[in-house]
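User: I'm new to reading protein models and would like to go through one step by step. Could you take my questions as they come?

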Amino acid sequence: MAGTTDVRAWRPSVPGVAEVLHAHFPHHAYPSHTHDTWTVLLVDSGTVLYDLGGRAHATRRESVTLLPPHVPHDGRGATVDGFRKRVVYLEAGTLDVAGTGRSVDEPTSDDPGLVRQVRSLHHALQHPGDELEAASQLALIVESLSCRLRGVPVSGSRRDAALARRLRDLLDASVVEGLTLAAAGGELGASEAHLVRTFRRELGISPHRYLTGRRVDAARRLLLDGMPSAQVAAEVGFHDQSHLTRHFKHVLGVPPGRYAARSA
């Protein structure tokens, strides 16, 4: 895995996320330092050895590591090949700092559901325009981590078809301009995590996928009317033409231009 250092960092437009970092460090070793954020870490290859609050730890494959704010830690590769990692830095207020001690004692979780959610969050964060999906994954992650820090299980979703329908109505009314999960939670008087879990249980898909499907349907009609795909993207609420193309092809199997041509 040895090679050159590769770092990509950015600040997405997702409340609660302070920064995202994707990096390959063949040789770098972090000195002891602190953050004013919570560090949610995935190690995709290699192993990171680190001291956290004076205790020695090592990352594990297929796991999520949570480092609390203001606690000194370092980091170094366990082998000469280094490591590849993805990190989401969460604003300090996103999780209760009362859970710092538990995080120091056991910073690593092997929960496969949490691992999948963090991977899905990174995937959404890499694509401008998918902020609703990123916020949805983040809400579930924060819920899971909060329960872990309190030492309690995540409560199961209760059936609430009426709430799911109300969220669907809000999405239907916001196809072009979009809807933030925070705004939906405030409007419907429900937590963001509960909204996501309830919508998935009742409709079988995420709020983001539902909204994307509505936008793709609207795009199909405009394409068949002869509108250029670049204009269609803006008309139906996609971030840009590439955002439209990615989701259109995912849903229908062909890019917008080929769809319109084949339907002519």
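Analyst: Sure, what follows is a short round of questions and answers about this predicted model.

User: Let's start with the whole chain: what does its secondary structure come to, and what percentage of its residues is buried?
Analyst: The secondary structure comes to 10 helices and 10 strands. The C-alpha trace spans about 65 × 45 × 25 Å along its principal axes. To count as buried, a residue needs a relative accessible area under 20%. Of the 264 residues in the chain, the buried share is 47%.

User: Among contacts between residues at least 6 apart in sequence, what percentage joins residues at least 24 apart?
Analyst: Here a contact means heavy atoms within 4.5 Å. Take the contacts between residues at least 6 apart in sequence, then keep those that join residues at least 24 apart: the share is 71%.

User: Now the pockets. Which helix gives the largest share of the lining of the largest pocket?
Analyst: The largest pocket holds about 550 Å³ of space, and 30 residues line it, with E131, L132, A135, T180 and L181 nearest its centre. The elements that give two or more residues to that lining are α3 (131-150), α5 (181-188), α6 (192-203) and α7 (207-224). The largest share is 6 residues, and it comes from α3.

User: How do the lining residues of the largest pocket divide into nonpolar, polar and charged?
Analyst: Sort the lining residues by class and you get three groups. For the largest pocket they are 13 nonpolar, 12 polar and 5 charged.

User: And the second largest pocket: which residues lie nearest its centre?
Analyst: This pocket holds about 390 Å³ of space. Helices α2 (112-125), α3, α7 and α9 (241-252) each give two or more residues to its lining. By class, the lining has 3 nonpolar, 10 polar and 5 charged residues. There are 18 lining residues, and the ones nearest the centre are E133, H208, R209, H247 and H250.

User: E133 caught my eye there. Which side chain of opposite charge is nearest to E133?
Analyst: E133 sits in helix α3 and is buried. Leaving aside neighbours within four places in sequence, E133 is in contact with A124, R200, S206 and H208. A salt bridge needs a side-chain nitrogen of Lys or Arg within 4 Å of a carboxyl oxygen of Asp or Glu. E133 has no salt bridge, and the nearest side chain of opposite charge, 4.2 Å away, is R200.

User: How many salt bridges does a search of the whole structure find?
Analyst: Side chains of opposite charge can pair when their charged atoms come close. One of the pairs here is R76 with D74, whose closest N and O atoms are 3.2 Å apart. R76 is partly exposed at 30% relative accessibility, while D74 is buried at 18%. Over the whole structure, the number of salt bridges found is 9.

User: R246 and D130 also meet in a salt bridge. How many residues apart in sequence are the parts that this pair ties together?
Analyst: Their N to O distance is 2.9 Å. R246 is partly exposed at 27% relative accessibility, whereas D130 is buried at 4%. R246 lies in helix α9 and D130 in the loop between α2 and α3, so the pair ties together parts whose separation in sequence is 116 residues.

User: What about R220 and D217: about how many helical turns separate them?
Analyst: These two side chains meet in a salt bridge at 3.4 Å, N to O. R220 is partly exposed, with a relative accessible area of 29%, and D217 also counts as partly exposed at 29%. The two are 3 residues apart in helix α7, so their separation is about one helical turn.

User: Last one, on backbone angles. E62 and H70 are not glycines yet have a positive phi; is H70 buried or exposed?
Analyst: E62 has a phi of about 55° and lies in the loop between β6 (55-58) and β7 (64-67). At 45% relative accessibility, E62 counts as partly exposed. H70 has a phi of about 65° and is found in the loop between β7 and β8 (73-77). The cut-off is over 50%, so H70, with a relative accessible area of 55%, is exposed.

Conventions
Residues numbered from 1 in each chain as written. Predicted model: local features only at pLDDT ≥ 70, side-chain atom pairs only at ≥ 80, totals over all residues. Heavy atoms only, no water. 1 Å grid on protein atoms, 1.4 Å probe; cavity = no way out; pocket = protein on both sides within 12 Å on 5 of 7 lines; lining within 4 Å. Points joined across faces, edges and corners; volume = space filled by probe spheres on them. Helix = DSSP H or I, 4+ residues; strand = E, 2+ residues; numbered from the N terminus. Nonpolar A, V, L, I, M, F, W, Y, C, P; charged D, E, K, R; others polar. Buried < 20%, exposed > 50% of the residue type's maximum accessible area, 1.4 Å probe, protein only. Lys, Arg positive; Asp, Glu negative; His and termini not counted.
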